[in-house]
Amino acid sequence: MNNLVRSVKLVFTVALCSASLMSCLTSQESGVKQESVLKYVDPNIGTAHSRWFFYTPAAVPYGMAKLAPSTNGHYGNKDGWEAVGYDTRHNSIEGFVHFHEWQVGGVSFMPTAGELKVRPGDLENTGSGYRSAFDRKNELAEPGYYRVVLDEHQITAELTATKRVGFHRYTFPENDQSRIMLDIGNVQGESGWVTDASIKMVDDTHFEGFVETYPKYVKKYDPEGKVFMYFYGEVSKKPLRVGSFSEKGVEASATVATGKGAGLYLEYHTQDQESIEIKVGLSYTSTQNARLNLAAEGEKLSFDKAREQAQSAWEQELSKLQVEGPDERDKVKFYTGLYHALLGRGVASDVNGAFPRHDGTIGQLPRDAKGNFSYNFMNTDAIWGGYWNITQLWALAYPQHYNDFVHTQLQVYKERGWFGDGIANSNFVSGVGTNMVGLAVAAAYNAGIRDYDTELAYKAVYANEMSWKNRVEGSGKMDVKAFVERGYSPFIGGGDLFITDSTGSTFSASHTMEYAFSAYAAAQMAKSMGKTEDYQKLMKYAGGWKNLFNPQSKLIHPKDIHGNFIAPFDPYQAWRGFQEGNAIQYTFFVPQNPEALISAVGKEEFNTRLNSIFAESQKNAFGGGKTIDAFAGINAIYNHGNQPNLHISWLFNFSGQPWLTQKWTRAICDEFYGTEGVHGYGYGQDEDQGQLGSWYNLAALGLFDVKGFTDARPVVQIGSPLFDKATIALGNKKQLVIEAENNAAENVYIQSAEFNGKPLNNCWLYRDELMQGGKLKFVMGSQPNKNWGVQAPPPSVQ
């Protein structure tokens, strides 16, 4: 096909599909054509001050290949976690990067034209490097596909991906100085220092290489570790010339580059609207496996076919939750949130089952009787707070992802002897210095996800909660010895000095609350497995929060090593006794036994205090207001933009006023969440690989569990269903339909309910009953029905 015809075909195809944002795709599961849900996904929502892994439109669900434009990725960041990569407030692009995970980033390509420049240049000065300005009117981001016009070079760049292969298509103007920059030796996002890199042309059209990095959280939590990224690629047209560059300078006729700043540039004479395509196989284990991944997933795949497959994969996964209603904005929030939930925590194993081990060796996934791999090895951000969003969503409709998470953690446990909260190529990258993996694994077991060695899992869960001998910092919970011996973690440190050791922690109170909750989860797993002695022991620790409850203030108050409440004490102060929160917020962190907390505070005071907290925080967008910062709300009385608060609005179900759960969860959905680049997940708040998006999904369905499915028989509490109808393809192959009669923006209150034709008078169900499927029907109204859902509160402690 000549270039002109090809170009016309490309433009026509893109225009046809983009005009309706992929309405040309349909869901075929029911045999009836349905409106594509892809048109409700806007990856650009919340891209102001977003994290490195947040914006990767050219990817499939849980893919390794996550391609995205970068506006400032090569700047890195000071502390290793801040917002960097792509920002809706920036107006130039420096490259298109392949790897985007927590502490993992690298391999940037960029098409250029004109004078040779081998550095990205400054964000605000495009002439200082090969970066280019762009106009967002000429940018399109969809699930599985990205396109932009680079104004500086008049080049159209397009990206898509399979699970382990990245695809590029660059359409050039007529130019005898067209180039493709393969820039692999520079810092990208959270990757930290590039300690080594290499790239070489294997032949006229194939190249391979690797990048070795030393991320800041690896240095902190796993100092002997490194992160390796490997690639093997092919370009559709032989370059006229190949040159190399590195920190040492430029070599005009070289096909190999090594060390920091390493890269190659491929030079072409291009005709007007000539397209050059690149396919790049990726791996965390070897260039050989990168080549194998490319052969298996991309060798016979055109760019257009890869895009079609990627968007079909998104259609299939997103359509497991079908919502109906007149408010298009709510659908955009819902499906964009679900998209982010299914995007993060990508596969780290190759098509042959190879996966990276901490010591630099290559692990191998086992095959089942049919020769298939029953799970994937993952790279994953911490699960801190994930039990109030993403694990519940996984358990509802995506159990394979939960299964992958558990298997990954067990694989790490077998290698390292401990769970690791955050994982980057088997390296510990905890992030918060605690570890809630045991809780998430126990919840998986109690939710019926048990496709693994359950005795090994319990051993690991118990050790995570109760053991400290030879514990390494990257496994978190370094003060667990103090908690086990005292029933609470004592406050130590202070000022700008953050300490956690065997005697206590600067974050002692929040750690105590978390360890009590995770001890409860381990106890419930022990109970389910008939380990009665362990159950009784762990349940004692589940009450550890009581050791820090101050009966005078009725707040959680840190204690020192002598058992005295610390003074002076400001309940609004973060970072002194509390991590990423304060005493006002963390006092409600007793999800394992809400009834006991309510009793300790007093039911009337509990409800008055909690309701006033939401009434006041509503004035500030339920957190940090319009301040663009991940920590904008940590000193507030409620902060929806961070993990410790995410269950609080559901506690009214336990305190006899479920209509307030209905009111405030709906208000949070309406006001905290937005549909703009700046106002998406709050204002510049921390979405953490799908956590805030998952919370919206659960709240919009009206289903949530304060305990994160940790009970031996998990319970689901009911909120205010946002949509007229939701149809859920449950993970057990059954179907649940949720209908809300008389639903409207002002009709947030449940008047009555029934489940499978029988009246439902409680504001909760046992999860195993809900997972049988059927129809959950609500009648909604504008005024609370204070007689509904109050007869029997959800079981508080099992």
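Buried means under 20% relative accessible area, exposed means over 50%, and partly exposed lies in between (1.4 Å probe, protein chains only). The model is predicted: local features need pLDDT of at least 70, side-chain atom pairs count only at pLDDT 80 or more, and totals for chains, interfaces and linings use all residues. Residues are numbered from 1 along each chain as its sequence is written, and side-chain values use heavy atoms, with hydrogens and water left out.

**Exercise 1.** State which parts of the chain the salt bridge of Glu769 and Arg713 ties together, and classify Arg713 by its accessibility.

*Solution.*
Step 1. A salt bridge needs a side-chain nitrogen of Lys or Arg within 4 Å of a carboxyl oxygen of Asp or Glu. The side chains of Glu769 and Arg713 form one, at 3.8 Å from N to O.
Step 2. Glu769 is in helix α18 (residues 767-770) and Arg713 in the loop between β30 (703-704) and β31 (715-718), so the bridge ties together parts 56 residues apart in sequence. Helices (H or I, at least four residues) and strands (E, at least two) are DSSP runs, numbered from the N terminus.
Step 3. Arg713 has a relative accessible area of 34%, so this residue is partly exposed. Glu769, at 33%, also counts as partly exposed.

**Exercise 2.** Locate the two residues of the salt bridge between Glu741 and Lys777.

*Solution.*
Step 1. The N to O distance of this pair is 3.5 Å.
Step 2. Glu741 belongs to strand β33 (residues 735-741) and Lys777 to strand β37 (residues 774-781), 36 residues apart.
Step 3. Glu741 is partly exposed at 40% relative accessibility, and Lys777 is partly exposed at 26%.

**Exercise 3.** Describe how helix α7 packs with helix α8.

*Solution.*
Step 1. Helix α7 (residues 399-416) and helix α8 (residues 437-446) pack at about 130 degrees, with axes 10 Å apart. Axes are lines fitted to C-alpha atoms, for helices over the stretch in contact, and angles run from 0 to 180 degrees between N-to-C directions.
Step 2. This makes α7 oblique to α8, given that angles under 35 degrees count as roughly parallel, over 145 as roughly antiparallel, 65 to 115 as roughly perpendicular and the rest as oblique.
Step 3. On the α7 side, the contact (heavy atoms within 4.5 Å) is made by Tyr402, Phe405, Val406 and Gln409. On the α8 side, the residues include Val437 and Ala440.
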